[in-house]
Amino acid sequence: MTTEHLDGNALAGPLGEIFAVDITAAVGRCASCGLTGPIAALRVYGPAPGLVARCPGCDEVVLRLVRGPGAAWLDLRGAVSLRLGLPD
Amino acid sequence: MRRLTWRPARLTGLREETDSARTLVFQVPDWPGHLAGQHVDVRLTADDGYSTQRSYSVAAPADGDTVELTVERVPDGEVSPYLTEIIEPGDQVEIRGPVGGWFVWRPESRSPVLLVGGGSGIVPLMAMIRAQAGSRVPFRLLYSLRDPSRRYYAEELRRHDAGLDVGYLYTRAVPDGWPRPAGRILLDDLAESGWPATFEPECYVCGPTGFVEAAADLLLALGHAPEHIRTERFGPTGG
Amino acid sequence: MSIISRGFRGRRREGDDRLPPGQYLVDDFPVLSAGPTPRIPLDRWEFAIDTEAEQTHRWSWAELMALPQETPTVDIHCVTKWSKLGTGWQGVSLDTLFENVETAVEYALVYSYGGYTTNLPLEDLLDGKAWIVHQFDGEELEPRHGGPARLLVPHLYLWKSAKWVRGIRLLEEDWPGFWETAGYHNYGDPWREQRYEGD
């Protein structure tokens, strides 16, 4: 049973303050269940008190982002790794 | 490539789309350009320092420093009443972007395109339609909304080019003589107005969360592969 | 330096002398969440206190309802700056639940259905400072606000008042919870404006 949530497209702006490449197209593997998919497909709760992105398969937390005055906290423990497309 | 920061954006034009929605044309100096489907974050700051931000999809393809957004006035909203009723040409906001590299259509792509939009979910899809101009890629649009008075881009979609088929679906009230009774999106709507799964179209679904999930499930039921379906959910305020 | 948007005022944010610094009053009751709303049937609900000596004290829903009930009226303050004054709740005081709990440690980790956690010193749960509440404003606590039961610790920012509370683990050492490990302050006193780590 899910609450209203957004998807990982909503992370694009906040993560764009941190990363120079767009992360929403990056493909990640959930550290809990192994499901792979684009960041854009994560289920996103927030933005307050923080952005919490969960696996669309198992609902475990993949990524967390809190933006405070003068700082951001980013937790990526829920992703085994991210594959980012980059130019050669 | 670099990290994004807030840029000043000046309103230079506006167009009323419906009684409650408006397209805003901003000039953003040194805008790096954007792809159809991307969005921007808009930040407003009051003179006491209070600020808040919302995300809006870009409504038109890149064109120099111009960024066009279509905003729906949300009852009891905080930002949309300002953008649909108060802001005037010459006023400034801050824009950050463009963001979102997954829910995009690139003109180099060759597959047919199926666009499924609910309410204000039509906005990023319209950017894709406007980017299609001159391309040979065939597009089909299914636009779901409450009633005809809420249509954005009505004239432009009426005059569309041969490469675009437009289907409307009304959920609350229909015009006289309309063949389909009012109601939410169903399998038949997509079967009729969409591309068959065998054509392997790129599908883009955008709108409120409930609409997106219903439409995406129907596309899967029709045989479209999950990797060909891209979705963007707007919050209950419609973005 | 942000650009000011002419004519933008935002929601009318009433300050009030009774509010901690940086807070404003709201009329509604905003719902903030870190995940989907858990749904727990009452016949499976339980609340537990786990001590450092691995003793577990448990209460079923019926057992919780049979304990002495209190009806605290308190002010609540969310770290996102909204506050409500004089909110009415019904529940069981943590003092009642801790009556027969033997413990010598100082720290508590509160855990919820759905996986949420938050930490606080044990003394912040005792001496009339906290309740397990199941009614708000005279009605059953709605799931989106933490029902069937949530922790209520009004002297700290509301993220410490864990929704869908399931139990409290007593620990020798402090163990930062969900938001405390994501940049929020470890203690969270609204009167000292302890919102973020380092404040």
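Which residues touch the most other members of the largest nonpolar core? They are A:L11, B:L115, B:L125, B:M128, B:Y204 and C:I132, in a core of 126 residues. A nonpolar core is a set of buried Ala, Val, Leu, Ile, Met, Phe, Trp, Tyr and Cys residues joined through C-beta atoms within 7 Å. A residue is buried if 20 or more other C-beta atoms lie within 10 Å of its own, exposed if 12 or fewer, and partly exposed in between, with C-beta atoms placed from the backbone.

The model is predicted: local features need pLDDT of at least 70, side-chain atom pairs count only at pLDDT 80 or more, and totals for chains, interfaces and linings use all residues. Residues are numbered from 1 along each chain as its sequence is written, while chains are lettered from A and ligands numbered from 1 in the order in which they are written.

**The core**

Helix α2 (residues 122-132) of chain B provides the largest share of this core, eight residues. Helices (H or I, at least four residues) and strands (E, at least two) are DSSP runs, numbered from the N terminus. Domain 1 (7-99) and domain 2 (113-234) of chain B each contribute at least three residues to this core; such bounds come from an automatic or database domain assignment. In chain C, the core residue C:I132 has contacts beyond its neighbours within four places in sequence, among them C:F47, C:L64, C:V92 and C:V165. Two residues are in contact if their C-beta atoms, placed from the backbone, lie within 7 Å.

**Contacts between chains and domains**

Chains A and B meet through 19 residues from chain A and 19 residues from chain B. On the side of chain A that touches chain B, β1 (6-7) and α1 (12-16) of chain A each supply at least two residues, and α1(A) gives the most, with three residues.

Chain B also meets chain C, with 15 residues of chain B in contact with 11 residues of chain C. To this side of chain B, β6(B) gives the most, three residues.

Within chain B, the centres of domain 1 and domain 2, taken over C-alpha atoms, are separated by 24 Å. Their contact takes 13 residues from domain 1 and 14 residues from domain 2.

The table divides three sides by class; Ala, Val, Leu, Ile, Met, Phe, Trp, Tyr, Cys and Pro count as nonpolar, Asp, Glu, Lys and Arg as charged, and the others, Gly among them, as polar.

| Side | Nonpolar | Polar | Charged |
|---|---|---|---|
| Chain A, touching chain B | 10 residues | five residues | four residues |
| Domain 1 of chain B, touching domain 2 of chain B | six residues | five residues | two residues |
| Chain B, touching chain C | seven residues | four residues | four residues |
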